[in-house]
Amino acid sequence: MRGAINNQKELSQALKAEAQKEGFNLVGIATVPESSRIKLRNASLQRWLDAGHQANMNWMRSPKRKTINNLLKNVKSVISVGLNYYIDIKQSPDSLLIARYGWGKDYHKVIEKKLKKIGKWLEIKRPKCKWRVCVDSSPLLEKAWAEEAGIGWIGKHSNIINQNIGSWVFLGHLICTENLEPDIPAKSLCGECKKCIEACPTGAIQEPFVVNSNNCLAYHTIENRDEKIPTFIAKKMGPWIAGCDICQEVCPWNKKTLPNTEEPELQPKEWILDLTADKALSWSDETWKNKLSQSALKRIKPWMWRRNIKASNKTYT
Ligand code: SF4
Ligand code: SF4
């Protein structure tokens with residue numbers, strides 16, 4: 001859309017068109033002050049923290065997460081975007097398993113770059129507008145805002161699901177001081193299903209929407225900095241050494257034919273598709289550093305890869 005944009009409806013539509021042009025598959029808008037839905041999500045986050053389900057992820061306690069105004073003064077609107085990272089490829093049958101989010105380049109960087117471009121576009125259209133990009137590591141209740149902006153609902157496994165492209169979706173947010181037209185919040189379509197809860201090998205989904213990180217393979221393989229993986233977790237790891245996709249793989253919303261990501265930066269690295277324990281255990285720290293450059297998986301340090309690989313290779317019991 002060229003030239004002046006006269007009203008907020010036009011601006012909202014033009015912003016969404018910019019997001020699509022940047023390659024985002026999903027885009028929706030929510031407004032501030034937040035609805036009662038966000039307040040309820042805040043209350044459940046507090047219950048989750050009080051129960052200690054965050055394990056050692058103490059940054060989850062950041063009080064900034066509770067109020068979006070802490071991230072940007074006078075924030076009025078939240079633009080939620082989703083980037084599909086699904087690709088119709090499987091790792092080789094003998095490979096150690098790595099969660100799909102880590103197959104391509106670091107999604108934080110990919111999304112941040114795109115959202116900054118949209119922020120700059122917005123600044124040209126509305127020079128007084130202030131904006132800020134939030135991707136995953138910012139203290140924003142991002143799944144709740146994505147649901148509020150209508151791009152998907154929070155499934156019982158706690159990931160965002162969109163009815164057209166499933167849950168293999170990276171989220172990003174652009175928050176700004178401009179009033180925009182809100183979208184209708186998403187409604188849960190999980191219904192009576194509990195496939196993710198039943199499939200989780202460690203029982204980490206303690207009840208719908210409540211994932212206890214202390215029992216989750218994704219937490220232990222990526223975030224746990226202890227020298228040893230707890231035995232009860234190691235017994236259930238199977239071949240998963242970096243994250244775990246089981247609860248998403250079994251979800252009926254991911255079982256239909258899904259579109260492949262068109263994002264060149266998210267195409268899988270070759271070494272990830274066929275990684276044997278022998279090969280990976282022979283790599284020096286330097287080799288790991290090279291393999292993990294520009295990858296979100298570099299959060300897993302070389303010693304943690306070795307620890308995870310040694311703990312894995314068990315069958316589910
Ligand atoms: S990521 Fe794996 S371990 Fe964690 S809740 Fe999902 S299925 Fe369970
Ligand atoms: S597996 Fe079923 S319950 Fe779990 S997130 Fe998917 S639809 Fe919801």
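**Exercise 1. Domain arrangement**

Task: For this predicted model, determine how far apart the centres of domain 1 and domain 2 are, and describe the side of domain 1 that touches domain 2.

Solution.
Step 1. The centres of domain 1 and domain 2, taken over C-alpha atoms, are separated by 23 Å.
Step 2. The domain assignment gives domain 1 as 8-90 + 104-176 and domain 2 as 195-311.
Step 3. Across the boundary, 32 residues of domain 1 are in contact with 31 residues of domain 2.
Step 4. On the side of domain 1 that touches domain 2, strand 2 and helix 3 (107-125) are the elements that give two or more residues. Helix 3 gives the most, with three residues.
Step 5. Sorted by class, this side of domain 1 holds 14 nonpolar, 14 polar and four charged residues.

**Exercise 2. The sheet and its helices**

Task: State in what order the strands of the four-stranded open sheet are arranged, and identify which strands lie at its edges.

Solution.
Step 1. The strand order is 1-2-7-4, and the pairing is antiparallel.
Step 2. Strand 1 and strand 4 (131-134) are the edge strands, since each pairs on one side only.
Step 3. From one strand to the next, the twist averages 20°.
Step 4. Helix 1 (residues 8-21) packs on the sheet and touches strand 1 and strand 2; the direction of helix 1 makes about 145° with that of strand 1.
Step 5. Helix 3 lies across strand 2, strand 4 and strand 7, and runs at about 30° to strand 7.

**Exercise 3. Strand 2 and its partners**

Task: Establish how many bridges join strand 2 to strand 1 and to strand 7, and decide whether the residues of strand 2 are buried or exposed.

Solution.
Step 1. Strand 1 (residues 26-31) and strand 2 run antiparallel and are joined by six bridges. Within this pairing, Leu26 has Gly82 of strand 2 as its bridge partner.
Step 2. Strand 2 also pairs with strand 7 (residues 169-176), again in the antiparallel sense, over eight bridges. Here Ser80 has His173 of strand 7 as its bridge partner, and Ser77 stands opposite Cys176 in strand 7.
Step 3. The side chains of strand 2 divide into two sets: Ser77, Ile79, Val81 and Leu83 point one way, and Val78, Ser80, Gly82 and Asn84 the other way.
Step 4. Both sets are buried; in strand 2 (residues 77-84), eight of eight residues have this status.

**Exercise 4. The surroundings of ligand 1**

Task: List which residues are around ligand 1, and classify the residues of this shell as nonpolar, polar or charged.

Solution.
Step 1. The residues around ligand 1 are His157, Cys200, Thr202, Ala204, Ile205, Val211, Cys216, Leu217, Ala218, Cys244, Ile246 and Cys247.
Step 2. Helix 6 (217-222) and helix 8 (246-249) each supply at least two residues of the shell.
Step 3. The shell around ligand 1 divides into 10 nonpolar, two polar and no charged residues.

**Exercise 5. Loop residues and backbone geometry**

Task: Assign an exposure class to Asn212, Ala55 and Phe209, and state what the peptide bond from Val32 to Pro33 looks like.

Solution.
Step 1. The class follows from the count of C-beta neighbours: a residue is buried at 20 or more within 10 Å, exposed at 12 or fewer, and partly exposed in between.
Step 2. Asn212 lies in the loop between strand 9 (210-211) and helix 6. Asn212 has 19 C-beta neighbours inside 10 Å and therefore counts as partly exposed. Leaving aside neighbours within four places in sequence, Asn212 is in contact with His53, Ala204 and Gln206. The C-alpha atoms of Asn212 and Asn42 are 17 Å apart, with 170 residues separating the two along the chain.
Step 3. Ala55 is placed in the loop between helix 2 and strand 2. Ala55 has a positive phi of about 55°, although it is not a glycine. Ala55 counts as partly exposed because it has 16 C-beta neighbours inside 10 Å.
Step 4. Phe209 is found in the loop between strand 8 (205-207) and strand 9. Phi of Phe209 is positive, near 75°, in a residue other than glycine. With 16 other C-beta atoms within 10 Å, Phe209 is partly exposed.
Step 5. The peptide bond from Val32 to Pro33 is cis, with omega near 10°. Pro33 belongs to the loop between strand 1 and helix 2 (36-50).

Key:
Residues numbered from 1 in each chain as written. Chains lettered and ligands numbered in written order. Predicted model: local features only at pLDDT ≥ 70, side-chain atom pairs only at ≥ 80, totals over all residues. Pairing = 2+ DSSP bridges. Near = placed C-beta within 6 Å. Nonpolar A, V, L, I, M, F, W, Y, C, P; charged D, E, K, R; others polar. Domains from an automatic or database assignment. Contact = placed C-beta atoms within 7 Å. Axes fitted to C-alpha atoms, helices over the stretch in contact; angles between N-to-C directions.
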